[in-house]
Amino acid sequence: MTDGTASVRQRRANLSAVRDFDELVREAESAPIGGWDFSWLDGRAIEERPSWHYFDRVAERAAIVETLLEVQAGTGSMIASLPALPPLAVATEGFPPSVAIAAPRLRARGIHLVVTSQATAGLPFAAGSFELVISRHPIEPWWAEIARVLEPGGVYFAQHVGPHSLRSLSECLMGPLPESSHRHPDLERRAAEDAGLVVRRLEVERPRTVFYDVGAVVYFLRVVPWIVPGFSVAKFLEPLHRLHRQIVRDGAFETTASRMLVEAVRR
């Protein structure tokens, strides 16, 4: 009887877990996504910030220059939130949903928005146009173009995604991944130097990232699909079930992001 009762309880628990999984995933799949917005994850996931406090450092630099460019500005939330702007402030972006959100936001602050290609590296500005170029989490840094538009002595100050960011989440769904990474700091340094920049600072930190339910993971991967290329719930259904059971058992799924601070000067 005891064994039978335990078996019934386990089956009920399994059914409940499946029902919870379906509800969480359905909610995450139906939630609207637009631009670079993670507010839906409030209370469901956390990502710690690097110790260097990138936005604060950008604000300090923006207050003392005459010309500023943010490359791949997304929805424009960072440059539009700066407490002080130089006389000329420009942002570029190429992802249409982000452009639609950024345009009125930047216009309200007197910031010029220039739409650029997502596929071809190119900044439509004259050489030596900017004293400071910033970028937070560019898909790929356009080193040659960044160096070209910086004035001599101008600074590129950026926070990049570092090597193997959220690797354990990717491997949880996809299996083992290669050890190499095109985001390795040595490769970044070499690319910057090849473009004619002098790297003054290059640091990597791995802030803790925690997901408290599988729906948070599904929503996150919809917004940031390159963490699991080709992601869809249908394609990764079984590993998502395993991840759900792990979160139910442990209370959360914990991994680490990877962030790189880059400061480089044009010769």
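Two strands count as paired when DSSP finds at least two bridges between them. Keep that in mind as you explore this predicted model.

**The whole chain**

Start with everything in view. The chain holds 9 helices and 10 strands, and its C-alpha atoms fill a box of roughly 80 × 40 × 30 Å along the principal axes. Of the 267 residues, 46% are buried. Among contacts between residues at least 6 apart in sequence, 68% link residues at least 24 apart.

**The open sheet**

Next, select residues 130–136 and 150–161. These are strands E5 and E6, which pair in the parallel sense over 6 bridges. To see one such bridge, show Ile-134 and its partner in E6, Phe-157.

Now widen the selection to the sheet of 7 strands, ordered E4-E3-E2-E5-E6-E10-E7. The sheet is open, and its pairing is mixed. Which strands stand at the edges? Colour 112–115 and 197–205 to find them: they are E4 and E7, and each has a single partner strand, so one side of each is left without a neighbour in the sheet. Direction ignored, neighbouring strands here are turned by 15° against each other on average.

Add residues 185–194, helix H7, which packs on this sheet. H7 touches E6, E7 and E10 (259–266), and its direction makes about 165° with that of E7.

**Helix H6 and its cover**

Move on to residues 167–174, helix H6. Its buried residues are Arg-167, Leu-169, Ser-170 and Leu-173. Turn the view to look down the axis of H6: these buried residues fall within an arc of 165°, so they line one face of the helix. What covers them includes strand E8 (208–211), strand E9 (253–256), and the helices H8 and H9. Before leaving, click on Gly-175, just after H6, which takes a positive phi of about 95°.

**Where H8 meets H9**

Finally, select residues 214–223 for H8 and 237–250 for H9. The two axes come within 9 Å and cross at roughly 135°. How are H8 and H9 placed relative to each other? They are oblique, because that crossing angle falls outside the parallel, antiparallel and perpendicular ranges, with antiparallel starting only over 145 degrees.

Show side chains to see who makes the contact: Val-214, Val-217 and Val-218 come from H8, while Leu-240, Leu-243, His-244 and Ile-247 come from H9. By class, this contact has 6 nonpolar residues, 1 polar and no charged ones.

Methods. Residues are numbered from 1 along each chain as its sequence is written. This is a predicted model: local features need pLDDT of at least 70, side-chain atom pairs count only at pLDDT 80 or more; totals for chains, interfaces and linings use all residues. Side-chain values use heavy atoms; hydrogens and water are left out. Axes are lines fitted to C-alpha atoms, for helices over the stretch in contact, and angles run from 0 to 180 degrees between N-to-C directions. Helices (H or I, at least four residues) and strands (E, at least two) are DSSP runs, numbered from the N terminus. Angles under 35 degrees count as roughly parallel, over 145 as roughly antiparallel, 65 to 115 as roughly perpendicular and the rest as oblique. Contact means heavy atoms within 4.5 Å. Ala, Val, Leu, Ile, Met, Phe, Trp, Tyr, Cys and Pro count as nonpolar, Asp, Glu, Lys and Arg as charged, and the others, Gly among them, as polar. Buried means under 20% relative accessible area, exposed over 50%, partly exposed in between (1.4 Å probe, protein chains only). The arc is that of the directions from the helix axis to the C-beta atoms.
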